[in-house]
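User: Can you walk me through this model, starting with the ligand site?

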Amino acid sequence: MNEPTDEFLDDPLAGAMLDTLAVRAGQRRSMEGEHSEAIYTTSSYVFANAAEAAARFSGEQPGNVYSRYTNPTVRTFEDRIAALEGAEQAVATSSGMAAILSTCLALLKSGDHIVCSRSVFGTTTVLLNKFLGKFGVDTSVVPLTDIAAWEAAILPETKLLFLETPSNPLCEVGDLAALSALAKRHNVLLVVDNCFCTPALQRPLSLGADIVIHSATKYLDGQGRCMGGVVLGRSELMDEVLGFVRSAGPTMSPFNAWVFLKGLETLRLRMEAHSASAMKLARWLDEQAAVEKVFYTGLESHPGHELAAQQQSGFGGVLSFRVVGGRDQAWQVIDSTRILSLTANLGDAKTTIVHPATTTHGRLSAEDKVAAGITENLIRVAVGLEAIEDIKGDLQRGLALI
Ligand SMILES: Cc1ncc(COP(=O)(O)O)c(C=O)c1O
């Protein structure tokens, strides 16, 4: 995705490529002339006089008032990620879930309806069903790859289609161009959680999506340090989201924004390295006698391979595999690792391993697990930046016991 972009923020960056935007977009230097971006740890801002305070508060004069509204470090992060996604505007939030909640509460009202992919992050499902449902926003769930099912689920009340692609943990691929066309035909918004690919590998807005959401906690940070999220899209929609965030307060902290800014500078290099290592690991796992099946879009055998190759510029760092046997064998492989981190997070320099059926997807009913393909012998690995031979060796220890 390192191609010239039409959207740019500063004139010297007109037509700049992704790598340049990732390092430089959005930076405004203070009078101190700092080279690296400054962290503005301030909750409020002072005014020169009462008239200026009045003009700022009324919105007549642009400028900072209070950090729940705007903060220079957060704005620099918003402008930089907007440049990378090709969005008119970005709104940063305190977490990925806050980004999803803010989008829904800003753009939906009681009586509205959402169509959501079956294969989204578990907490997203809980948020939509348990909490938005309480306020009269209903959600229908459909298989990610079945365009006819998406169309059949759209009601007169439907306002929004929501998906992640590739999905977690089976790496199913949603057809962004086809779903964008469907959304336009029915005058609904297509919202894509782009957390797994990041703009370094996939830019959903350029394929017709209306809104992109990120958990910045994952690859945008890249080293598992901070919580954050962001919503991106055209200004008309983002003004509504910003209005909600200003009133409700799920704002990003300036320190976290600074960490994400530093993360963006190395994003493409990291995503390439994650993708290259995941590819090597997927091919190696595919050859192991103790492995029943590998799910990775980079493998030609994966049903989403061709579509992923079209709409992504890399296959990403997350893969999953089924071992021969059941839960005991999967846990044996996990418990035999000594380098990999047993944690549900992903998008980190440190490789993580998890048993979806009893952790990330543990709340699903037995039937929902079957429908989603979350079997007891499934293991998810989010490949980090360690030497891949060491990762293979760490997994080999448990696989050899099967
Ligand atoms: C795809 C996806 N979206 C959203 C989230 C939620 O993000 P956060 O944990 O930053 O709230 C996650 C978290 O794991 C995720 O994997």
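**Ligand site and a few backbone details**

User: How far is an oxygen atom of the ligand from an N or O atom in the side chain of Thr217?

Analyst: This is a predicted model, where local features need pLDDT of at least 70, side-chain atom pairs count only at pLDDT 80 or more, and totals for chains, interfaces and linings use all residues. Residues are numbered from 1 along each chain as its sequence is written, and side-chain values use heavy atoms, with hydrogens and water left out. For the side chain of Thr217, the distance from one of its N or O atoms to a ligand oxygen is 2.6 Å.

User: How much of the ligand's accessible area does the protein cover?

Analyst: On its own, the ligand has 390 Å² of accessible area (Shrake-Rupley method, 1.4 Å probe). The share covered by the protein is 92%.

User: Which residue has a side-chain N or O atom 2.6 Å from a nitrogen atom of the ligand?

Analyst: A backbone polar atom of Met97 sits 2.9 Å from a ligand oxygen, but the question is about a ligand nitrogen and a side chain. That residue is Asp193.

User: Which residue follows Thr165 across a cis peptide bond?

Analyst: Most peptide bonds are trans. Here omega is about -5 degrees, and the residue sits in the loop between β4 (158–164) and α7 (176–185), elements being DSSP runs numbered from the N terminus (helices H or I, at least four residues; strands E, at least two). It's Pro166.

User: What is phi of Asn187 near?

Analyst: Asn187 lies in the loop between α7 and β5 (189–193). Most residues other than glycine have a negative phi. Asn187 has a positive one, near 55 degrees.

Technical notes:
Polar contact = N/O pair within 3.5 Å; in protein donor to acceptor, adjacent residues only side chain to side chain.
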